[in-house]
Amino acid sequence: MKFCAVKQYFDDENNNNITSGASTTMIPLPNVESHPLAILITYCKKHLKIKANNADNKKETEKEMEQYEQELLKKVMPQELTELILAANYLNFKEALDFFCRAVASAIQNKSIEFVRKFFGLESDFELGEEEKLREEFAWSFEGVDED
Amino acid sequence: MKRQRKLRKAKTHAENQRFRPWLCLAWQIESMKKQGRETEEEQISDIISSLPDCMLAHILSFLPTKHAILTSILSSRWRVLWTLVPVLHLDKPTLDSIRTSTLNYILFPRNPSTLCKLCIDCPRRSFVDKCVQAAILRGVQELDLVLDLVLDLHNQTKELPASVFFCTTLVVLKLRGHFLLNPPDSASSSSSMFPSLKTLQISHVYYANHNSLSTLLPACPLLQDLRIKVSDSDLDFLDKEADNKFNILVLVPTLKILVLDCSFLRWSFKLHINTPALEYFHFKGDLNSDVVSENLPNLFKSVLDVRNCYYLDWMWKLTNFMGLLCNIRSMELWIGTAEYILEHSSSNSHYDVPMFHNLSSLKFYGDFWAMWSPWNAVQLLLCRAPKLQTLTFELNYRCCIRSFSVDFRLKKPLDVPECLSSHLTTCHYKGFSGHVMELVEQILKESKVLKTMKITFNSDLDSKEKLRIHKKIMKFPRTSQTCQIAFD
């Protein structure tokens, strides 16, 4: 089961000997909003489906997954990525967590500091001169960065 | 004009990215920026600070270290976040341009955390030792070392540091490039080599002597995944005067996956495989040299690419080699090997490919040449797999200048393979370009219980061509009443 937190819940339930035998169990997920949860469920279902279709061939699975992920990112706004990351982490869903983290990483890769600050909505809280000192120290890492 | 320039830039950047699916995210960012410019009073809200430090470090772990370090200038919170990242990706441009003092700062930040993974693509020999020693001190689990080609062989070759061999935390080791592999003499040391190593991948390294590989492998107590590529150039340090073979002894009781590519090894070698736990075996090379494989009771899947069939006892050697694999469930075979088997069978060879009684999935892959007759080759192999359920083709058609076909007269005409009458339910042809319709035609004609024939077209074909092929295939007679043909 991909959602390891949910699996844990089921395992605990079984250990407590629930005798009702109801086929639908309410699982409390207090830290996850419905919107990111819906996206994660769709992602998970798609992942399992692609894996089943290409049981033998790992390359095919990766190719199809990439195509699906490309489509998915078109619909997701950067602001939603944070919620998705937190939700995937809470549910202990490793593949989705890695995917969304990679998406954020590649969004800021090779970008200027100003761009990244704007993208994340961050403000510089350094003291006067501190930032200049840091920029000097890491001057070598600015080579090859995209201009804003 | 400005907008066009921005869009073009975003596109080039996207092309340069390692992860291509994120093309669209770059476009999204562009549109966000445009929005930001239009409504300047509107502040883009902080989307990132709600994530805990470990999450931010996880995001940074997907960046080359150079870019992760850049984020230290974002704000005071981000100043030391990059030091929490358990992965160091030091690529060529970074290692080419930084000073030694800066490298020290990266390798040993103020509060060094455990380093899980170190990837270096290093043009400077002097840095390799430093990086590797630092990683070992920080309890590294995965080392991915790439050393580029250099011109001066003897001055520039880097011997892999001895500390790597005895590192207790190392689980994955990937070596590519001109390291000199000279494993220390295990008898002289009290501790075992590579005590935790589970995955080992080696290619394009130099071997110090004939036994470098054979002393290394049996010494690893936990090894499960081994992928080696050996070619002639790797043996440049060997004493070529002596008439010694290069020894590839894979005597590893814990090994589950073995990928061995010795297709570019012309120097005579001795290959001995004894791996009782092996589940997956991929072999590419020729069997001309001394090859012994034994004790493979758990083998599930095998991929075979055996070439160079132009010596007398090729068929005998192949038959022996394949004999050990005869219980596998799944096999992939290079179409050329199947073709060579056909050639040898037709020339009155006494030896036959063994029967694969448990084989349920068979795939033929690779380039095949216009003068070959793949259906006969395929049919010959199908006769050896009576319980086959799934048949797959992934073939690239290669035409040649002289388009003649060689018709091999078989010893006796082939019976219709038993699996076609009783077991074959699925056939999939990937990358179909319309050549060799005979394969599709014959399978549709002969299979009595076929349920699905799936044709995935080669992406080069235009829709007119696809339609023509579609029409032609739908006209082929089908023996199986339940057969569905699907096109992709």
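Colleague: What makes you say that strand E12 (residues 269-274) of chain B and E14(B) pair?

Modeller: In this predicted model, E12(B) and E14(B) run in the parallel sense and are joined over 5 bridges; two strands pair if at least two bridges are found between them, so the requirement is met. One of the facing positions is B:Asn274, which stands opposite B:Glu294 in E14(B).

Colleague: Why are E10 and strand E14 (290-294) of chain B said to stand at the edges?

Modeller: The order in this open sheet of 3 strands is E10-E12-E14 (chain B), with parallel pairing. E10 and E14 of chain B each have a single partner strand, so one side of each is left without a neighbour in the sheet. Within this sheet, neighbouring strands are turned by 5° against each other on average, direction ignored.

Colleague: How do you know that strand E11 (residues 257-264) of chain B is mostly covered?

Modeller: Of the 8 residues in E11(B), 6 are buried, where buried means under 20% relative accessible area. E11(B) also has parallel partners: strand E9 (residues 225-231) of chain B pairs with E11(B) over 6 bridges, and 5 bridges join E11(B) to strand E13 (residues 280-285) of chain B. Among the facing residues, B:Ser231 stands opposite B:Phe264 in E11(B), while B:Val259 stands opposite B:His282 in E13(B).

Colleague: Why is the pair of B:Tyr207 and B:Phe246 called tilted?

Modeller: The search of the whole structure finds 20 aromatic pairs over all chains. For B:Tyr207 and B:Phe246 the ring centres are 5.0 Å apart and the planes stand at 50°; the centres must lie within 6.5 Å, and planes under 30 degrees apart would be stacked and over 60 edge-to-face, so 50° leaves the pair as tilted. B:Tyr207 lies in strand E8 (residues 206-207) and B:Phe246 in strand E10 (residues 246-250), both of chain B, so the pair ties together parts that are 39 residues apart in sequence. B:Tyr207 has a relative accessibility of 0% and counts as buried, and B:Phe246 is likewise buried at 0%.

Colleague: What makes the aromatic pair of B:Trp334 and B:Tyr340 edge-to-face?

Modeller: The planes of B:Trp334 and B:Tyr340 make 75°, at 5.9 Å centre to centre, and planes over 60 degrees apart count as edge-to-face, so the label follows. With relative accessible areas of 7% for B:Trp334 and 11% for B:Tyr340, both residues count as buried.

Colleague: How do you know that the charged end of B:Arg307 sits over the ring of B:Trp334?

Modeller: The charged end of B:Arg307 is 3.8 Å from the ring centre of B:Trp334, and the cut-off asks for a position within 6 Å and within 35 degrees of the ring normal, so the distance satisfies its part of the criterion. In chain A, the charged end of A:Lys111 sits over the ring of A:Phe115, 5.1 Å from its centre.

Colleague: Why is H4(A) called roughly antiparallel to H5(A)?

Modeller: Helix H4 (residues 78-90) and helix H5 (residues 94-108) of chain A pack at an angle of about 155°, with their axes 9 Å apart. Angles over 145 degrees count as roughly antiparallel, so H4(A) receives that description relative to H5(A). In addition, H4(A) passes H5(A) in a left-handed crossing.

How values were computed: Residues are numbered from 1 along each chain as its sequence is written. Chains are lettered from A and ligands numbered from 1 in the order in which they are written. This is a predicted model: local features need pLDDT of at least 70, side-chain atom pairs count only at pLDDT 80 or more; totals for chains, interfaces and linings use all residues. Side-chain values use heavy atoms; hydrogens and water are left out. Rings of Phe, Tyr and Trp (its six-membered ring) pair if their centres lie within 6.5 Å; planes under 30 degrees apart count as stacked, over 60 as edge-to-face and the rest as tilted. Helices (H or I, at least four residues) and strands (E, at least two) are DSSP runs, numbered from the N terminus. Buried means under 20% relative accessible area, exposed over 50%, partly exposed in between (1.4 Å probe, protein chains only). Axes are lines fitted to C-alpha atoms, for helices over the stretch in contact, and angles run from 0 to 180 degrees between N-to-C directions. Angles under 35 degrees count as roughly parallel, over 145 as roughly antiparallel, 65 to 115 as roughly perpendicular and the rest as oblique. A crossing is left-handed if the near helix is turned anticlockwise from the far one by less than a right angle, and right-handed if clockwise.
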